[in-house]
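Please read the following report alongside the sequence and the coordinates. The discussion moves from the overall chain to one helix and then to pairs of charged side chains.

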Amino acid sequence: MAAPASNEPEPVAQPVARPAAGPDPAPGRGRLVVAVALLDERRRVLAARRREPPAYAGMWEFPGGKVEPGETELDALVRECREELDVEIEVGPVLGEVELARPGWVLRVWFGRITGRVPRMVDHDELRWLSVAELYDVRWMPADGPLVDRLHQVLAGSDTVGWPAG
């Protein structure tokens, strides 16, 4: 995810019981943050290590960022992947979402795959493809933690969302 506009730490995630594709936060009350669990043909996920703000430097995340006014969620996701990784993506189903500690802020994460170009470090200082066995080898951003658990269930085969196959 893109670094926040200020040097304030991002809010810590709390799991949400509402549907994964639920309504956006009310205008003026919060923000929607979108991210993507990019999978390759071996069902590894691309993780990106943050370099800022200082409170979160060195932590890992799913690529993405804030939905801007007038932008759809999926348009924001595609834009963020172009800006952060210089790649084109195909977006799959929603992996899940968490409510962030800041009132009205929500993080929603989709499955996706790269359809054009090789990822490169633009906003991050390291990129890694992680297998299901390696998901917990890195220190994830607090907001991504519950979604990493969900991703682990899917990739380990104990749960499924029907995409990608295999």
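What follows describes a predicted model, starting with the chain as a whole.

## Overall organisation

The chain holds two helices and eight strands, and from the N terminus on these elements run in the order β-β-β-β-β-α-β-β-β-α. Of the 166 residues in the chain, 48% are buried, while the accessible surface comes to about 7800 Å², with 51% of that area belonging to carbon and sulfur atoms.

Contacts in this chain often span long stretches of sequence: among those between residues at least 6 apart, 72% join residues at least 24 apart.

## Helix α1 and its surroundings

Helix α1 covers residues 73-85, that is, 13 residues, and its first and last C-alpha atoms are 18 Å apart, close to the 18 Å expected at 1.5 Å a residue. Its buried residues are Glu73, Ala76, Leu77, Val78, Arg79, Glu80, Cys81, Glu84 and Leu85, a list in which charged side chains such as Arg79 and Glu80 stand beside Leu77 and Val78.

The cover over these buried residues includes strands from both sides of the helix in sequence, namely β2 (32-38), β3 (45-50) and β5 (64-66), together with β6 (88-100), β7 (106-116) and β8 (124-130). Just after α1, aspartate 86 adopts a positive phi of about 60°.

## Salt bridges between distant parts of the chain

Side chains of opposite charge can pair when their charged atoms come close. A search of the whole structure finds 15 salt bridges, and three of them are described here, beginning with arginine 31 and glutamate 68, whose side chains meet at 3.4 Å, N to O. Because arginine 31 lies in the loop between β1 (13-15) and β2, and glutamate 68 in the loop between β5 and α1, this pair ties together parts that are 37 residues apart in sequence. Both partners are partly exposed, arginine 31 with a relative accessible area of 26% and glutamate 68 at 35% relative accessibility.

A further salt bridge joins arginine 117 to aspartate 86, with the closest N and O atoms 3.4 Å apart. This pair again links distant parts of the chain, since arginine 117 sits in the loop between β7 and β8 and aspartate 86 in the loop between α1 and β6, 31 residues apart. Arginine 117 counts as partly exposed at 47% relative accessibility, and aspartate 86 likewise counts as partly exposed at 24%. The two residues also belong to a network of salt bridges that links Arg82, Asp86, Glu88, Arg117 and Arg120.

## Buried charged and polar side chains

Which side chain forms a salt bridge with glutamate 97? The partner is arginine 108, and the two side chains meet at 2.6 Å, N to O. Glutamate 97 belongs to strand β6 and arginine 108 to strand β7, so that the pair links parts of the chain that are eleven residues apart. With a relative accessible area of 7%, glutamate 97 is buried, and arginine 108 counts as buried at 1% relative accessibility.

Glutamate 61, in strand β4 (residues 60-61), offers another case of a buried acidic side chain, because its relative accessibility of 0% falls under the 20% cut-off for burial. The side chain of glutamate 61 makes a polar contact with the side chain of histidine 124, at 2.7 Å.

Technical notes
Residues numbered from 1 in each chain as written. Predicted model: local features only at pLDDT ≥ 70, side-chain atom pairs only at ≥ 80, totals over all residues. Heavy atoms only, no water. Helix = DSSP H or I, 4+ residues; strand = E, 2+ residues; numbered from the N terminus. Expected span 1.5 Å × (residues − 1). Buried < 20%, exposed > 50% of the residue type's maximum accessible area, 1.4 Å probe, protein only. Contact = heavy atoms within 4.5 Å. Salt bridge = Lys/Arg side-chain N within 4 Å of Asp/Glu carboxyl O. Polar contact = N/O pair within 3.5 Å; in protein donor to acceptor, adjacent residues only side chain to side chain. Areas by Shrake-Rupley, 256 points an atom, 1.4 Å probe, with all protein chains shown as cover.
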